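Open the structure in your viewer, show it as a cartoon, and keep the selection box at hand. Each stop on this tour says what to select next and what can be found there.

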Amino acid sequence: MSQLANYISDKRQQKPILSMTHVVYGYPTVKDSLDWMATLLEAGADFIEVQFPFSDPVADGPTIVAACHGALHNQKPSVEECLTDIGKLARDFPESRIVLMSYLNPMYHFGLEKLVKRCAEENILGLILPDLPYEQAGDLRTYCDAHGIDPVWLVTPVTPKDRLAFLAKEARGFLYCVARSGVTGNSNHNGEKQQSLDEYLAEINSHANAPMGVGFGIREKAHVDAITGKADVAIVGSALLDAYNKGGKEEGLKLFNSLFD
Amino acid sequence: MQSNNGYYGEFGGSYIPEILYPSQQQILKAFEEAKNDPEFIAELKDTWQNYSGRPTPLTFCKNLTDHFGGAQIYLKREDLNQSGAHKMNNVIGQALLVKRMGKKRVIAETGAGQHGVATALIAARLGLECTIYMGAKDVKRQYPNVFWMKQLGATVVSVAEGSQTLRDALDEALRDWSSSHEESHYLIGTTCGCAPFPEMVAFFQSVIGEEVKEQSQAQFGQYPDRLYACVGGGSNAAGIFLPFLDEKNVEMIGVEAGGKGLELGQHSIRLSHGLGTKGIAQGFATMFLQDENGQLQETHSIAAGLDYVGVSPIIAHLAQEGRIQMKYAMDDEVVDACSLLLRKEGIIPALESSHALAGAFKDAPNLPKDSRIVINLSGRGDKDIFNVAKAMNDETFPEFLEDYLADYKDHLNNADKGEA
């Protein structure tokens with residue numbers, strides 16, 4: 001079983017739902033983002049999903065797009081620095097885990113094999129690349145298998161049933177269950193729910209070979225409660241960033257505590 | 001050109017968020033069925049002919065030919081399409097496909113606004129709801145097109161993110177599609193994006209080259225020796241080149257935007273001179289202008305339709321194979337070429353198409369007198385009136401604009417009073 005999946009199932013013995021908080025590396029500066037990650041880890045976040053910024057983040061909504069562009073404005077964050085920085089955090093907070101999220105291009109440019117090797121060295125056990133579908137990820141899967149890293153696949157409410165079953169079976173580490181159509185965060189591009197979240201999660205659960213994380217649209221305690229018992233990890237991205245943008249770490253922490261206390 | 005499971009050599013493919021998988025599969029299936037359905041093809045041809053004015057002429061340019069004293073110069077007149085550019089060929093095809101799929105709404109990205117206008121036109125005609133994404137900078141540069149899109153009933157969304165040009169518009173259109181895929185079709189304007197878009201757009205644009213084949217046979221009894229096309233996203237180039245791929249004696253020259261210089265940010269040269277590097281973004285693999293960290297970079301061209309950061313995977317592949325030669329033309333050469341065509345032939349070319357002219361004009365004097373070249377005049381230049389006037393340093397234009405503005409404001413003031 002994967003290290004990430006083991007970690008989740010062990011921790012789930014003590015907690016009904018785990019937290020995955022999202023931070024854009026380099027936003028508003030590299031130092032600030034690392035500081036914010038450390039704050040969240042001190043507050044007991046089980047996971048940090050670190051997004052390495054890309055100029056064209058097509059699966060993200062306005063909050064995260066603005067943060068990515070902010071992170072790329074007047075500074076040039078590099079993948080190597082990011083891995084070194086978050087690897088240090090991973091060592092400082094051994095009770096938590098850090099996963100890396102980005103888009104394919106900066107990772108491809110860095111070199112996928114090198115990326116996976118470096119992730120393994122820094123104990124970054126999961127990789128989320130929303131624009132790399134399973135079918136196109138043959139090379140990445142080979143590298144990940146060799147280094148014990150988990151590529152995290154996404155499923156959505158519109159994923160055809162046979163494909164959903166396939167991806168759920170192929171899941172390593174955890175399966176990222178997108179809760180609704182659209183992009184991350186509040187935007188004009190939010191789709192309607194296709195079916196009840198309960199039915200959707202139950203359907204995934206019947207096939208899943210790994211723990212389940214749920215993201216997209218988790219903004220308040222009621223949303224976390226709604227998936228508790230039906231999934232393993234609640235993923236909070238844009239809402240946390242909105243709070244951070246509004247009142248810095250203090251406001252962000254307030255939201256985190258209200259969601260996961 | 002048939003792809004290998006969505007790939008052209010090492011380029012192309014399908015790199016899209018999982019949420020778009022079912023919609024993409026639906027398009028793949030619908031396109032496969034439609035292109036083999038004689039009824040669909042008949043409707044396509046009928047609409048091309050009776051709505052857009054196809055076939056467009058192949059025009060011999062005697063004055064230009066005499067001027068350069070080399071190759072005989074012909075223009076493929078895509079500027080004479082309804083909407084004033086080759087963009088119409090593709091939007092007609094895709095919009096008919098939208099009807100076939102039973103969708104009610106189209107989303108499109110636009111750079112210069114030509115694709116946006118073309119989409120808004122066909123949407124109005126076929127009764128489709130229409131949303132156009134356009135970079136905020138392009139909205140400013142090409143406001144007349146924005147005006148017409150709105151008049152045609154389209155919603156125009158100005159994209160203020162990132163570089164505020166075509167690639168940001170494309171990102172935003174993809175985001176819209178991620179939430180609206182069930183009732184909306186992403187009507188992409190060029191031979192880019194995830195499979196099957198490059199293949200599908202190239203299929204609809206290939207009517208250009210197919211007509212050139214017939215017309216060149218009819219007019220001079222053989223195929224042209226050389227074809228020229230400007231390359232932004234690559235759709236007009238794919239359209240004129242692809243039908244000639246197997247004709248080994250036909251040389252193909254693509255002309256990119258050299259802009260103001262070869263420094264990153266000053267041009268849109270992705271294929272010639274090793275300035276672009278392979279990347280995977282916006283749904284597909286191709287040559288992009290990017291920095292050492294894989295961040296896509298800003299581009300420049302005097303022609304808003306050419307400043308795309310990536311390029312068609314089909315063109316990237318054919319350039320890599322050496323089947324297409326890639327060149328570039330600088331902003332000032334482009335304005336000169338535009339000016340020369342105006343004076344010699346009485347044709348107003350788009351600044352995009354003027355890149356193809358500039359590339360061909362450089363070669364023409366050195367080519368044999370009995371050789372024949374066809375330049376794809378992909379669009380007409382009326383839309384560029386403000387930018388061309390500025391580039392030509394015309395001193396009378398600001399005066400006109402000031403007078404016009406004063407009169408316009410008076411008119412609006414009087415209208416206000418009238419209502420009160």
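Begin by selecting strands S1 and S2 of chain A, which run parallel and are joined by five bridges. Keep in mind throughout that this is a predicted model. For one point where the two strands meet, show A:Met20, whose bridge partner in S2(A) is A:Phe47. If you then follow the chain from S1(A) to S2(A), you pass through helix H2 (residues 30-42) of chain A, and this β-α-β crossover is right-handed.

Stay with S1(A), residues 18-24, and show its side chains. Seven of its seven residues are buried, so the strand is largely enclosed by the rest of the structure. A:Leu18, A:Met20, A:His22 and A:Val24 point one way, while A:Ser19, A:Thr21 and A:Val23 point the other way. This pattern is an example of a general rule, for in a regular strand the side chains alternate between the two faces of the sheet. Add strand S9 (residues 233-236) of chain A to the selection, and you will see another parallel partner of S1(A), paired with it over four bridges; here A:Ser19 stands opposite A:Ala234.

Next, select strand S3 (residues 97-101) of chain A, which pairs with S2(A) in the parallel sense over five bridges. S3(A) is also joined by three bridges to strand S4 (residues 126-128) of chain A, and these two strands run parallel as well. A:Met101 is a useful residue to label, since it stands opposite A:Gln51 and also opposite A:Ile128 in S4(A). Is S3(A) enclosed or open? Five of its five residues are buried, so S3(A) is largely enclosed by the rest of the structure. A:Arg97, A:Val99 and A:Met101 lie on one side and A:Ile98 and A:Leu100 on the other, so to speak two covered faces.

Now select A:Glu49 and A:Asp60, which an unreviewed UniProt entry annotates as "active site". A:Glu49 is found in strand S2 of chain A, and it is buried, with 25 other C-beta atoms within 10 Å. Apart from its neighbours within four places in sequence, A:Glu49 is in contact with several residues, among them A:Met20, A:His22, A:Val99 and A:Met101. A:Asp60 lies instead in the loop between S2 and helix H3 (62-72) of chain A, and this residue is buried too, with 27 other C-beta atoms within 10 Å. Beyond its neighbours within four places in sequence, A:Asp60 is in contact with A:Val65, A:Val183 and A:Thr184.

Move on to helix H9 (residues 197-205) of chain A, and colour its buried residues, A:Leu197, A:Tyr200, A:Leu201 and A:Ile204. Why do they lie on the same side of H9(A)? They cover an arc of only 95° around the axis, which puts them on one side together. On the other side of H9(A), A:Asp198, A:Glu199 and A:Ala202 are exposed. To see what covers the buried residues, show the elements that include helix H8 (161-170), strand S8 (212-215) and helix H10 (221-227) of chain A.

For the last stop, bring chain B into view, where the contact between the chains takes 26 residues from chain B and 35 residues from chain A. On the side of chain B that touches chain A, helix H1 (21-35), helix H8 (166-180) and strand S11 (277-281) each supply at least two residues, and H8(B) gives the most, with seven residues. By class, this side of chain B has 10 nonpolar, 10 polar and six charged residues.

Definitions and conventions. Residues numbered from 1 in each chain as written. Chains lettered and ligands numbered in written order. Predicted model: local features only at pLDDT ≥ 70, side-chain atom pairs only at ≥ 80, totals over all residues. Buried ≥ 20, exposed ≤ 12 C-beta atoms within 10 Å, placed from the backbone. Arc of directions from axis to C-beta. Contact = placed C-beta atoms within 7 Å. Pairing = 2+ DSSP bridges. Right-handed = clockwise from strand over helix to strand, strands pointing away. Nonpolar A, V, L, I, M, F, W, Y, C, P; charged D, E, K, R; others polar. UniProt positions renumbered as here; feature names shortened; annotations may be inferred.
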